[in-house]
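This briefing is for a reader who is new to the structure shown below. It covers aromatic rings, the ligand, two helices and one loop residue.

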Amino acid sequence: MPIDPPRVPLILLPTPLHRLDRLSAELGIDLWIKRDDLTGFALGGNKGRKLEYLMAQALAEGAEFVVSCGSAQSNFLRQLAAAATVCGLQSAAVVMPLPFEGELPTGAGLSDAGGNVLLDELFGMELRWLPNGTWEDLYAGAEQLANEIELEGKRVYRIPVGGSSWLGAFAFFNAGLELQQQSPPFDVVVTASSSGSTQVGLAAAFAGSSTRVLGIACDPEPELPGDFAILSNELSNHGFGGALSAGDFEFDLRFVGGGYGIPSEDGQAAIRQMARSEGILLDPIYSGKAFAGLMALARSGELEGRVCFWHTGGVPALFAMD
Ligand SMILES: *Cc1c(COP(=O)(O)O)cnc(C)c1O
């Protein structure tokens with residue numbers, strides 16, 4: 001048996017699982033929700049699971065600083081900022097306004113203040129703003145920031161965007177096992193998917209079972225399943241799950257709308273529907289679009305039976321809507 005990596009307890013586990021009675025009736029499926037919006041740390045979200053292992057690794061390596069990057073409204077950076085504080089580490093991140101590429105129709109975007117940005121400052125994270133650019137510009141900016149901090153003599157632990165190292169995937173491999181212990185099998189687990197460790201970990205946990213894991217893309221990049229395969233290989237090399245190939249990942253690109261970080265009409269309608277049917281809040285960048293996908297697929301008959309919607313959190317971005 002492989003040995004689990006070290007963990008710093010940060011969140012409240014297991015997260016609740018419950019049925020959505022009104023939406024089940026409305027959509028004609030047996031719909032349940034896994035409440036990772038209620039991880040109970042720094043306003044919740046899926047990144048808390050990953051951070052338990054990432055922070056333990058940072059501490060094991062003797063880091064004084066954690067450095068990462070993301071969009072201005074990154075939920076990962078908000079949770080990282082809080083986790084660093086709790087672990088006695090300093091945190092810094094490079095951020096870019098949304099959208100990274102392309103133009104935004106006026107009145108349809110997310111602000112560079114409020115929401116997660118406000119919370120990053122509150123938790124004590126240093127933010128370095130870059131002008132709007134590509135993901136590659138963002139990664140290069142983070143590497144430069146990490147190098148600068150090292151030149152000041154501080155030991156830095158670098159964390160990839162969204163916390164998607166093998167440790168992030170491991171956290172979601174465990175999350176998949178957690179769901180298996182909470183409930184008889186689902187036909188499908190639906191999750192928002194972007195940097196990939198959420199989907200990779202869940203797919204590894206359910207591989208070879210009767211449960212499909214369906215990722216709804218929040219970033220319109222068809223090559224992402226190739227990156228997911230690499231991550232799944234790393235997870236497998238550490239002894240957890242079998243290696244999956246790009247074709248093993250169900251990654252549906254039809255619900256991204258105008259692009260990463262651009263709220264979509266269907267996503268906004270899905271947020272309203274969930275709020276008004278079940279009193280649960282979704283977010284405009286990830287979970288709203290994922291739930292819009294789930295509703296559309298249930299209505300077209302592509303999704304049937306016992307379905308679990310994995311609520312990945314993100315609610316603070318609601319308060320950054322222009
Ligand atoms: C980061 C995030 C996701 C995507 O998770 P990945 O592991 O990066 O694919 C989905 N929903 C929310 C709210 C997130 O913050």
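Arginine 49 lies over the face of phenylalanine 172, at 5.8 Å from the ring centre. The model is predicted, and the points below are grouped by topic.

**Charges and aromatic rings**

- A second arginine is placed over a ring: the charged end of arginine 306 is 4.4 Å from the centre of the ring of phenylalanine 186.
- Phenylalanine 186 has a relative accessible area of 3%, and because the limit for buried is under 20%, phenylalanine 186 counts as buried.
- The count of aromatic pairs comes to 13.
- Tryptophan 32 and phenylalanine 186 make up one such pair, with 6.4 Å from centre to centre and 70 degrees between the planes. The geometry of this pair is edge-to-face.
- This pair links distant parts of the chain, since its two residues are 154 residues apart. Tryptophan 32 belongs to strand E2 (residues 30-35), whereas phenylalanine 186 is in the loop between helix H6 (166-182) and strand E7 (188-193).
- One aromatic cluster is formed by Tyr53, Trp166, Phe170, Phe173 and Phe240.

**The ligand**

- There are 16 residues around the ligand, and Lys47, Lys50, Ser195, Thr198 and Thr312 come nearest.
- The side chain of lysine 47 has an N or O atom 2.8 Å from an oxygen atom of the ligand.
- Serine 194 takes part through its backbone, where an N or O atom lies 2.7 Å from an oxygen atom of the ligand.
- For threonine 312, an N or O atom in the side chain is 2.6 Å from a nitrogen atom of the ligand.
- The protein buries 98% of the 380 Å² that the ligand exposes when taken alone.

**Helix H3**

- Helix H3 covers residues 75-86, which is 12 residues. At 1.5 Å a residue the expected span is 16 Å, and the end C-alpha atoms are 17 Å apart, so the two values agree.
- H3 is mostly covered, with 10 of its 12 residues buried. Among them are Asn75, Phe76, Leu77, Arg78 and Leu80.
- Four alanines of H3, Ala81, Ala82, Ala83 and Ala84, are also buried.
- Glutamine 79 is found in this helix, and its relative accessible area of 0% makes glutamine 79 buried.
- A polar atom of the side chain of glutamine 79 lies 2.9 Å from the backbone oxygen of asparagine 75.
- In an α-helix there are 3.6 residues a turn, so residues three or four places apart point the same way.

**Helix H10**

- Helix H10 runs over residues 287-299 and has 13 residues. Its end C-alpha atoms are 18 Å apart, which agrees with the 18 Å that it should span at 1.5 Å a residue.
- H10 is largely enclosed by the rest of the structure, because 11 of its 13 residues are buried.
- The buried residues of H10 include Ser287, Gly288, Lys289, Phe291, Leu294, Met295 and Leu297.
- Glycine 301 follows H10 and has a positive phi, near 85 degrees.

**Phenylalanine 255**

- Phenylalanine 255 is in the loop between strand E9 (250-252) and helix H9 (265-278).
- Its relative accessibility is 13%, so phenylalanine 255 counts as buried.
- Phenylalanine 255 and aspartate 266 are 11 residues apart along the chain, and their C-alpha atoms are separated by 8.0 Å.

Key:
Residues numbered from 1 in each chain as written. Predicted model: local features only at pLDDT ≥ 70, side-chain atom pairs only at ≥ 80, totals over all residues. Heavy atoms only, no water. Phe/Tyr/Trp six-rings, centres within 6.5 Å; stacked < 30°, edge-to-face > 60°. Buried < 20%, exposed > 50% of the residue type's maximum accessible area, 1.4 Å probe, protein only. Lys NZ or Arg CZ within 6 Å of the ring centre and 35° of its normal. Near = heavy atom within 4 Å. Polar contact = N/O pair within 3.5 Å; in protein donor to acceptor, adjacent residues only side chain to side chain. Areas by Shrake-Rupley, 256 points an atom, 1.4 Å probe, with all protein chains shown as cover. Expected span 1.5 Å × (residues − 1).
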